[in-house]
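Me: Here's a chain I'd like to get a feel for. Could you pick one part of it, look at it closely, and tell me how it fits with the rest?

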Amino acid sequence: MKKIFCTLAAALLLLAALVGCSTGPDLTEYVSEYRSDLFSGTDGKYTITASYSEREHPYEADGNPGKMSKLFEVALSAADNTKTYSISYTLAGKTYTDELSFDSVRMVHTCSRSLPQPTEKSITFSVTDAEGTVADIGATSVKSEKALSLEDLLQAVSTAEKERFAALTSGNHFAGELYVRLLCENEQNFYYIGLTDKNGETYAMLADAETGEIVATRNNRQD
């Protein structure tokens, strides 16, 4: 009887190990960009948008996830783009000041820093030019409290696109990388999810941030 019990116990342990190995890859480990928060504010004349992301460096859409770095980015829209602007803001009790660079493509003034994710839900940005302070703008997080976590979002989209994700999966390995960016349109949150394979082809998905339901898709090839 003891021998039979030991044999059954060993079989159960082996089965448990096999089941554990068949759960598939942890897709969060294959994310090369995750923009998890957005802030927005305006005084009517100046508009601030800011975002927090974790992003691979160097940034390459090649199907291979890389080492991630933390990035806080700020963009200022102003009526007069001939001026040079600076901003100051405080996060976690520490004040940062940056001179902005003009982006002629997006027509905004920008800066970025490697910072931990802000815990604040609202951030005040002081905007200055050569003559002094021109505006103090409060930018509030536009992320819904009901927005899915990264893990739950990827679970939802990989289930909805089961065959596409399965084609890139072998055991616990995933042959691709993922880009996830929080978006806000008409006060509604969405996630952009880009799935890039080893050939540089990207399958883009737009999902409802609260449910994970895919509302639009598109194929792109990276050249």
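Reply: Let's start from the outside: the chain exposes about 13,000 Å², and carbon and sulfur atoms supply 51% of that. Bear in mind that this is a predicted model. Buried residues account for 38% of the 223 residues in the chain. The secondary structure adds up to 3 helices and 15 strands. As for how the chain folds back on itself, take the contacts between residues at least 6 apart in sequence: 55% of them join residues at least 24 apart.

The part I'd pick is helix H2, which runs over residues 150–160. Its buried residues are Leu 150, Leu 153, Leu 154, Val 157 and Ser 158. They sit on the same side of H2, because they cover an arc of only 120° around the axis. Go round to the face of H2 turned away from that buried side and you meet Glu 151, Gln 155 and Ala 160, which are exposed.

So what does the helix pack into? In soluble globular proteins, nonpolar side chains tend to be buried together. Here, the largest nonpolar core has 24 residues, and Tyr 191 and Ile 193 are the ones that touch the most other members. At least two residues of this core come from each of E1 (31–42), H2, E12 (176–185), E13 (188–197) and E14 (201–208). H2 gives the most, with 4 residues. There's also a second, separate core of 23 residues, with Ala 50, Val 74, Ile 123 and Phe 125 among its members.

Before H2 in the sequence comes strand E9 (residues 132–141), where you'll find Ser 141. With a relative accessibility of 15%, Ser 141 falls below the 20% cut-off, so it counts as buried. Its side chain reaches the backbone nitrogen of Lys 143 at 3.3 Å. Further off in sequence, setting aside neighbours within four places, Ser 141 is in contact with Asp 37, Leu 38, Phe 39 and Lys 121.

One last check, on the cysteines: the whole structure has 0 disulfides. Cys 111 is buried, at 11% relative accessible area, whereas Cys 184 is partly exposed, at 30%.

Definitions and conventions: Residues are numbered from 1 along each chain as its sequence is written. This is a predicted model: local features need pLDDT of at least 70, side-chain atom pairs count only at pLDDT 80 or more; totals for chains, interfaces and linings use all residues. Side-chain values use heavy atoms; hydrogens and water are left out. Buried means under 20% relative accessible area, exposed over 50%, partly exposed in between (1.4 Å probe, protein chains only). A polar contact is a pair of N or O atoms within 3.5 Å; within protein, one must be able to donate a hydrogen and the other to accept it, and residues adjacent in sequence count only if both atoms are side-chain atoms. Contact means heavy atoms within 4.5 Å. The arc is that of the directions from the helix axis to the C-beta atoms. Accessible areas come from the Shrake-Rupley method with a 1.4 Å probe; for residues, only the protein chains shown count as cover. A nonpolar core is a set of buried Ala, Val, Leu, Ile, Met, Phe, Trp, Tyr and Cys residues joined through side-chain atoms within 4.5 Å. A disulfide is a pair of cysteine sulfur atoms within 2.5 Å.
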